[in-house]
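Please look through the sequence and the model below, and then read the briefing that follows, which takes up one helix, its neighbour and the contact between two chains.

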Amino acid sequence: MSPTPQAPTAAPEPARERPTRPLVEVALAYCHSWLAVLALVVLVAVVLVAILAPWISPQNPYDLTVIDIMEGRLPPGSEAYGGGVYILGTDDQGRDMLSAIFYGLRISLMVGLGAALIAATVGTSLGLIAAYAGGRVEAAIMRLVDLQLSIPSILVALMILAVLGKGIVNVMIALILVEWALYARTARGSALVERNKEYVEAAQCLVLPQYRIMFRHILPNCLPPIIVITTIQVARAIALEATLSFLGLGVPVTEPSLGLLISNGYQHMLSGNFWISFYPGIALLITVASINIVGDQLRDVLNPRHHR
Amino acid sequence: MTVWIANRLMQAFGVVLVMTLIVFLAVNVIGDPIEMLISPEADQMERQRIIALFGLDQPLWRQYLAFLKGAVQGDLGRSFVYGEPALKVIFQRLPATLELAVSASLISVAVGLPLGLIAGLYPRRGFSKAIMATSILGFSLPSFWVGLLLIMVFAVYLGWLPSSGRGETVEVLGMHLSFLTLDGLRHLALPAINLAIFNTAVILRLTRAGVSEVMPQEYIRFARAKGVSERRVIGIHVLKNIMIPVVTVIGLEFGALIAFSVITESIFAWPGIGKLIIDSINVLDRPMMVAYLMLVVTLFVTVNLVIDILYMLLDPRVSADGKD
């Protein structure tokens, strides 16, 4: 967070100096829970693995010259014909599962992060506009939010994919349409509080343009709750994308995410080849759980009411 | 009270109407209805005939009115795959889904409520901490993956329970039900548990939060001071006060259970409407999709309405006049 003008808090001891470095303060408060620190470390590792996948994977799982179908469905720890070890085994095509998971992680994170960030931009803007404009605009936007939030995410996503068809872009559109409403509601809630504060009044007295007041003055002060829900929404988006891909409605076969890897292994699970589904699932679980824990801790740290 | 209910009914009706418009526009404007309705093998004559038959040469608003008229009469089009009215196919499959959702709901209450009570009453015990930690897993575990694990452990390795289908069913009032036969119950167990996991975690956490909020209240201390037995304090004073949010969530989540049964039914090949919609999307059976979406949305709105009314009956503090 940037050192934006902070709202005067009702501090019990008025004589105390206000902390000058909020970032350090937040970081220190965050480190109170060892679980949260661990989750953050794991999360950074997961993101690094996803970014560096092409360089750290034992093989390029989609280069057909490297994989050998004769080495299909080898259990974890098997030795490869050309040297090396398949640490997590191979799938039915003879692809190294570890590499497939690294590459799948890339797609899952990209889709989840991309969708959540676009939804954050769209939803926050709409929420701010609703709070600032009021009247009919606000009523229209908020009714839409209510409607969207009353229908479960999976249903909205199914509806959109049923109309648009499969594909990475369509999955992202579905995720954005699922997630924007929560941002809009949160942004409107905080913006309504901020709007009545003195600094906004001051800005209005200076006859600054409306969009400037909205995005330069009000928005920065609404950011903490939005940052918190963004972390949780990224996890939701990743999980939902995996579910949709598992159902065969998500990403195409050429760009398999973790969900699609799990789905591919599903057919082999009944014959006892559990690792093809199991390890991508573990990767998904680690990713989603670490994001959730980080998000939980961030909420506790950034929420002024939570200081215990 | 009557005015309030009438008002809520109107609102609910409005939402359903908006949804018909959205679904109609989605299918007819974004998607190409001609391409959807007519098989690619049809010749020009056949195309013309079908376009006229479905009124696709009419202006859009008139088409929408015709669609609405059909919907009110329970006609949401014929399924391409089954060659029968889409709504009829759905109603044939609905009992299986309802059975699954009700079982999952019961499991989540039977497990979540007592565990939440324990975790709330004795927050410092190791057992309570273990319960809470496990419930975080219940949120984070992708449910389809848990389903796969259940199959792997109980169907493949242990071989205790079957992994797909409904098993033997009994016909009651024209509906096929599984839970009345032993074989059916065995088939029901894994999918119901799979579907229940998320809800169990929700109810558990909600109960715990409610208990830790109610326990320090004056009336609890008063009841104890009065010499009311601990069982009665927990059974009456505590439980009654935490029931409102719990009942709300049970009701609201019932709709979600039906929506999320899409996943569970696909994994366990449970022949309900969830599997039906996935199959329909995969073969682009559009009338089926429209019918499913309309039905589920209507179901949702109805559940929300019933919850609102129940809420008012359960809690005298929620007045009919106050809007929120």
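**Helices and a chain contact**

Helix 10 of chain A has 28 residues, which at 1.5 Å a residue should span 40 Å (the expected span being 1.5 Å times one less than the number of residues), and its end C-alpha atoms are 40 Å apart, which agrees. This is a predicted model, in which local features need pLDDT of at least 70 and side-chain atom pairs count only at pLDDT 80 or more, while totals for chains, interfaces and linings use all residues. Residues are numbered from 1 along each chain as its sequence is written, and chains are lettered from A and ligands numbered from 1 in the order in which they are written.

**Helix 10 of chain A and its neighbour**

- Helix 10 of chain A is mostly covered, since 20 of its 28 residues are buried (20 or more other C-beta atoms within 10 Å of a residue's own, with C-beta atoms placed from the backbone).
- Helix 9 (residues 258–269) of chain A packs against helix 10 (residues 275–302) of chain A at an angle of about 150°, with the axes 7 Å apart; the two helices are therefore roughly antiparallel (angles over 145 degrees).
- Among the residues of helix 9 of chain A that meet helix 10 of chain A are A:Leu258, A:Tyr266 and A:Met269, where contact needs C-beta atoms, placed from the backbone, within 7 Å.

**Chain B against chain A**

- The contact takes 32 residues from chain B and 31 residues from chain A.
- Elements giving two or more residues to the side of chain B that touches chain A include helix 1 (2–30) and helix 10 (230–268) of chain B.

Conventions
Axes are lines fitted to C-alpha atoms, for helices over the stretch in contact, and angles run from 0 to 180 degrees between N-to-C directions. Helices (H or I, at least four residues) and strands (E, at least two) are DSSP runs, numbered from the N terminus. Angles under 35 degrees count as roughly parallel, over 145 as roughly antiparallel, 65 to 115 as roughly perpendicular and the rest as oblique. Two residues are in contact if their C-beta atoms, placed from the backbone, lie within 7 Å. A residue is buried if 20 or more other C-beta atoms lie within 10 Å of its own, exposed if 12 or fewer, and partly exposed in between; C-beta atoms are placed from the backbone.
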